[in-house]
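Dear colleague,

I am passing on the structure below, with notes on what turned up when I went through it. Please read the notes with the structure open beside them.

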Amino acid sequence: ANPAICRDLNKCILCRRCETACNVIQTVGVLSGVNRGFNVAVAPENFKPLSETACVFCGQCAQACPVGALTEIGYREDIWKALDDPKKTVIVQTAPAVRVAIGEEFGMEPGSISTGKLVAALRRLGFAKVFDTDWSADLTIMEEGTELMKRLETGENLPILTSCCPGWVNFMEYQFPDLLNLPSTAKSPQQMFGAIAKSYYAEKLGIDPADLIVVSVMPCLAKKYEAGREEFSNNGVPDVDYVLSTRELGAMIKEAGILFDLLPDEHYDSPLGESTGAGVIFGASGGVLEAALRTIAAKLEGEDKGAIEFCAIRGLEGVKEATITIAGIELKAAVVSGLGNARRLLEKIQRKEATYHAIEIMACPGGCINGGGQPYYHGNTSILEARKDAIYRADAGLPIPKSHLNPSIIKIYEEFLGEPNSEKAHHLLHTKYCPRIIQE
Ligand code: SF4
Ligand code: SF4
């Protein structure tokens with residue numbers, strides 16, 4: 001099924017921007033002009049549903065559509081019902097890129113950091129606890145960073161490819177089934193949060209995981225698809241129940257009559273709300289790799305010596321490469337955003353024309369700040385620049401820059417998970433990938 005993208009051809013003005021996004025930028029090639037004359041439409045071949053194509057649910061077509069003929073499938077009604085149900089405890093997590101874009105829905109300047117108002121708004125909507133996906137981004141670094149160090153030691157399965165972006169993971173499964181040994185097995189921060197919420201946190205509260213509803217606010221439409229993947233549920237109970245886009249949350253806040261820009265700044269709840277600068281930079285292209293390098297540099301060179309800023313891999317360019325020396329080891333890294341760029345780089349790897357140790361890949365050009373569920377920016381890339389700059393300002397404003405120094409991450413390993421990559425961590429926080437076949 002397609003839980004992410006809604007198409008309403010009655011609204012379509014045949015501008016074909018979605019086709020350019022899908023075919024030229026993403027190179028997925030799902031949308032094109034079909035039929036002729038009065039019957040012409042932009043659609044998948046033979047008007048197949050998107051779920052029967054190689055669509056990766058990146059949402060870049062919806063971001064490009066000027067008239068709302070392509071939008072997200074919405075879950076606002078379900079969430080209002082859950083919030084109203086006294087038998088359910090409804091908690092929420094917010095992705096890094098949401099805080100630097102949601103203000104635009106309320107007329108605030110692009111690049112405003114609205115973290116405190118976002119938390120305040122979610123509390124007023126009725127969520128029992130407001131938590132942060134930045135927290136589980138820190139957890140991701142513990143798991144993925146450990147995996148990278150092990151692969152560097154053994155020289156096996158290199159380059160490691162990041163696995164936080166579900167649009168990219170879908171693309172990999174469809175288009176590069178021969179390289180499925182390369183992505184990190186770490187789940188995305190959204191799914192790590194869900195797995196911990198429905199085990200560790202439900203246990204702490206003493207409630208049945210089925211009565212704990214986990215809502216995510218994400219910049220991304222592929223996250224809606226990811227939350228529904230079978231491997232991310234336990235005994236039929238999904239780890240993440242509903243995913244809202246940034247735009248949908250904006251609409252919910254308006255429905256509730258909350259004046260977002262006048263809200264006070266509030267703090268996330270504990271224990272799944274404490275995070276670091278490394279967690280917040282996941283929101284921009286280059287951030288996941290930089291966060292991992294911060295921890296690896298500290299582990300190999302010492303806490304005081306290891307670098308914190310890796311500027312060579314920051315920025316909106318679609319392909320960035322750098323050789324980074326850590327404790328005498330020369331680490332060859334690449335950061336790619338946009339699936340067309342990912343395809344070209346992976347084809348070079350297949351042809352053995354390029355060698356790297358680590359590659360970060362994001363489906364959306366520029367990373368999550370430009371996700372398919374973010375406020376529309378109508379091609380004005382200065383808005384993306386402003387969001388990206390806000391991500392790094394948010395990082396600089398946080399007291400702890402590195403994931404492994406997050407006190408609540410240290411505590412969850414002591415209390416519950418043991419070591420990074422332990423058996424329990426593997427069971428809860430890692431996944432596997434399967435080749436996928438496009439249905440004829
Ligand atoms: S969601 Fe992405 S892959 Fe799917 S049709 Fe739209 S642009 Fe193409
Ligand atoms: S971008 Fe929207 S309006 Fe333009 S062709 Fe695609 S669906 Fe139609």
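**Findings, starting with helix α14**

F416 lies in helix α14. The model is a predicted one, and that applies to everything that follows. F416 has a relative accessible area of 12%, so this residue counts as buried. Setting aside residues up to four places away in sequence, F416 touches I196, S199, Y200, E203, K424 and L428. One of these, Y200, is 216 residues from F416 in sequence, yet the two C-alpha atoms are 7.3 Å apart in space.

I410 is also in helix α14, which covers residues 407-417. With a relative accessibility of 37%, I410 is classed as partly exposed. Apart from neighbours within four places in sequence, I410 is in contact with H404 and L405. For a distance across the chain, take I410 and D178: they are 232 residues apart in sequence, and their C-alpha atoms are 36 Å apart.

**The chain as a whole**

The chain has 15 helices and 14 strands. Its C-alpha trace spans about 65 × 55 × 45 Å along the principal axes. How does the radius of gyration compare with that of a compact globule? For 440 residues such a globule would come near 22 Å, and the chain has 21 Å, so the two agree.

Of the 440 residues, 58% are buried. Take the contacts between residues at least 6 apart in sequence: 77% of them join residues at least 24 apart. The accessible surface comes to about 17,500 Å², and carbon and sulfur atoms account for 51% of that. On the charge side, there are 44 positive and 56 negative side chains, and the centres of the two sets lie 4 Å apart.

**Helix α6**

Helix α6 runs over residues 166-175, and 9 of its 10 residues are buried, which leaves the helix mostly covered. The buried residues are P166, G167, W168, V169, N170, F171, M172, E173 and Y174. What do they pack against? Their partners are two strands, β7 (160-161) and β14 (358-362), and two helices, α8 (222-227) and α12 (339-350).

**Cysteines**

A search of the whole structure gives 0 disulfides. C164 is in none, and the nearest cysteine sulfur to its own, that of C368, is 7.9 Å away. C164 is buried, at a relative accessible area of 7%.

Why does C368 not form a bond with its closest cysteine? The closest cysteine sulfur to that of C368 is in C165, 6.6 Å away, and a disulfide needs the two sulfur atoms within 2.5 Å. The pair is therefore too far apart for a bond. C368 itself is partly exposed, with a relative accessible area of 26%.

**A buried lysine**

K388 sits in helix α13, residues 381-396. Is this lysine buried or exposed? Its relative accessible area is 13%, and the cut-off for buried is under 20%, so K388 counts as buried. Leaving out neighbours within four places in sequence, K388 is in contact with A284, G315, L316 and I369.

Those are the points I have for now.

Regards

Note on methods. Residues numbered from 1 in each chain as written. Chains lettered and ligands numbered in written order. Predicted model: local features only at pLDDT ≥ 70, side-chain atom pairs only at ≥ 80, totals over all residues. Heavy atoms only, no water. Helix = DSSP H or I, 4+ residues; strand = E, 2+ residues; numbered from the N terminus. Rg over C-alpha atoms; globule rule 2.2 N^0.38 Å. Buried < 20%, exposed > 50% of the residue type's maximum accessible area, 1.4 Å probe, protein only. Contact = heavy atoms within 4.5 Å. Areas by Shrake-Rupley, 256 points an atom, 1.4 Å probe, with all protein chains shown as cover. Lys, Arg positive; Asp, Glu negative; His and termini not counted. Charge placed at Lys NZ, Arg CZ, Asp CG, Glu CD.
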